[in-house]
Amino acid sequence: AAQLPRAGADVTLLLDTAPAGQTRYRVCANNSTGPSAWTPWVASSISTGWTPLVPSADTRIVYVSNSTGSDSNSGLQEGAPVKTIARGYSLLRHKSPDWLLLKCGDTWNEGIPQLRLSGRSATEPLVISSYGFGDRPRMVSGPGSIAFARIPSSTIPPTIDNLWIVGLAFTCNGYN
């Protein structure tokens with residue numbers, strides 16, 4: 001882990017030149033009485049040209065892991081993910097900036113049962129993406145399994161707006 005240089009007195013901004021990717025930070029202050037305690041670690045994604053994903057104050061983040069999850073978990077903490085994408089999607093709210101995060105390295109033979117939710121706005125989208133490190137989460141679809149679908153009906157909104165699907169891998173199983 002690289003350490004940033006020490007900042008001088010009264011510095012409130014330090015520009016990091018780390019390469020793109022996931023970076024973790026924590027801060028400790030020093031004065032004449034000595035050092036403060038370290039702050040908790042904070043993760044940040046450094047972007048080079050891509051739009052950064054930033055949760056809103058009221059974003060509900062739902063974690064899904066096929067390898068370690070259980071649909072009896074809350075899904076609202078990384079350490080207590082739900083197992084199925086369907087269960088995770090059911091915890092999201094319509095017209096909210098909620099996130100559905102699939103665990104890196106996991107594979108599902110299921111998709112989103114029926115796209116029916118929108119984000120709040122273009123700057124506060126509903127996000128379907130990944131968490132952790134490793135290979136992109138993989139959704140395998142084929143006969144009897146569809147990764148994403150939107151079939152018009154009277155029980156879903158007429159449009160889906162402000163939805164970002166980022167960093168997932170899709171495999172079509174059963175077709176050439």
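**Contacts, cores and salt bridges in a predicted model**

Of the contacts in the chain with a separation of 6 or more, 64% are between residues 24 or more positions apart. The structure is a predicted model. The secondary structure comprises one helix and 11 strands, and the order of these elements along the sequence is β-β-β-β-β-α-β-β-β-β-β-β. The chain has 176 residues, of which 31% are buried. The area that the chain exposes is about 11300 Å², and 54% of this area is supplied by carbon and sulfur atoms.

The largest nonpolar core contains 18 residues. Within this core, the residues with the most contacts are Val64, Ile85, Tyr89, Leu92, Leu100, Leu102 and Ile112. At least two residues of the core come from each of β5 (61-64), α1 (85-90), β6 (99-103) and β8. A second core, separate from the largest one, has five residues, among them Tyr63, Trp99, Leu101 and Val127. The surroundings of Tyr89 were examined with neighbours within four places in sequence left aside; its contacts are then Leu100, Ile112, Gln114, Leu115, Arg116 and Leu117.

Strand β8 spans residues 126-131 and includes Ser129. The relative accessible area of Ser129 is 6%, under the 20% limit, so this residue counts as buried. When residues up to four places away in sequence are not counted, Ser129 touches Leu53, Leu100, Leu101, Leu102, Val166 and Leu168. Of these contacts, Leu100 and Leu102 are also listed among the residues with the most contacts inside the largest core, whereas Leu101 is included in the second core.

Side chains of opposite charge can pair when their charged atoms come close. The count of salt bridges in the model is three. One of them joins the side chains of Arg120 and Asp58, with an N to O distance of 2.5 Å. This pair connects distant parts of the chain, 62 residues apart: Arg120 is in the loop between β7 (107-108) and β8, and Asp58 is in the loop between β4 (42-46) and β5. Arg120 is partly exposed, at 35% relative accessibility, and Asp58 is likewise partly exposed, with a relative accessible area of 36%.

Arg120 also forms a salt bridge with the side chain of Glu124, at 3.2 Å from N to O. Glu124 has a relative accessible area of 21% and is partly exposed; the limit below which a residue counts as buried is 20%. Asp58, Arg120 and Glu124 are thus linked in a network of salt bridges.

A further salt bridge is found between the side chains of Asp98 and Arg93, with an N to O distance of 2.6 Å. Asp98 has a relative accessible area of 0%, and is therefore buried. Its partner Arg93 has a relative accessible area of 28%, and this residue is partly exposed.

Most residues other than glycine have a negative phi. Lys95, which is not a glycine, has a positive phi of about 60 degrees. This residue lies in the loop between α1 and β6. A positive phi, near 55 degrees, is also found in Asn162, another residue other than glycine. Asn162 is located in the loop between β9 (138-141) and β10 (163-165). With a relative accessibility of 26%, Asn162 is partly exposed.

Strands of a sheet pair through backbone hydrogen bonds, either parallel or antiparallel. In this model, three strands form an open sheet in the order β7-β9-β11, and their pairing is parallel. β7 and β11 (169-172) are the edge strands, each pairing on one side only. The parallel strands β7 and β9 are joined by two bridges. Thr107 has Arg138 of β9 as its bridge partner.

Note on methods. Residues numbered from 1 in each chain as written. Predicted model: local features only at pLDDT ≥ 70, side-chain atom pairs only at ≥ 80, totals over all residues. Heavy atoms only, no water. Helix = DSSP H or I, 4+ residues; strand = E, 2+ residues; numbered from the N terminus. Buried < 20%, exposed > 50% of the residue type's maximum accessible area, 1.4 Å probe, protein only. Contact = heavy atoms within 4.5 Å. Core = buried A, V, L, I, M, F, W, Y, C linked by side-chain atoms within 4.5 Å. Areas by Shrake-Rupley, 256 points an atom, 1.4 Å probe, with all protein chains shown as cover. Salt bridge = Lys/Arg side-chain N within 4 Å of Asp/Glu carboxyl O. Pairing = 2+ DSSP bridges.
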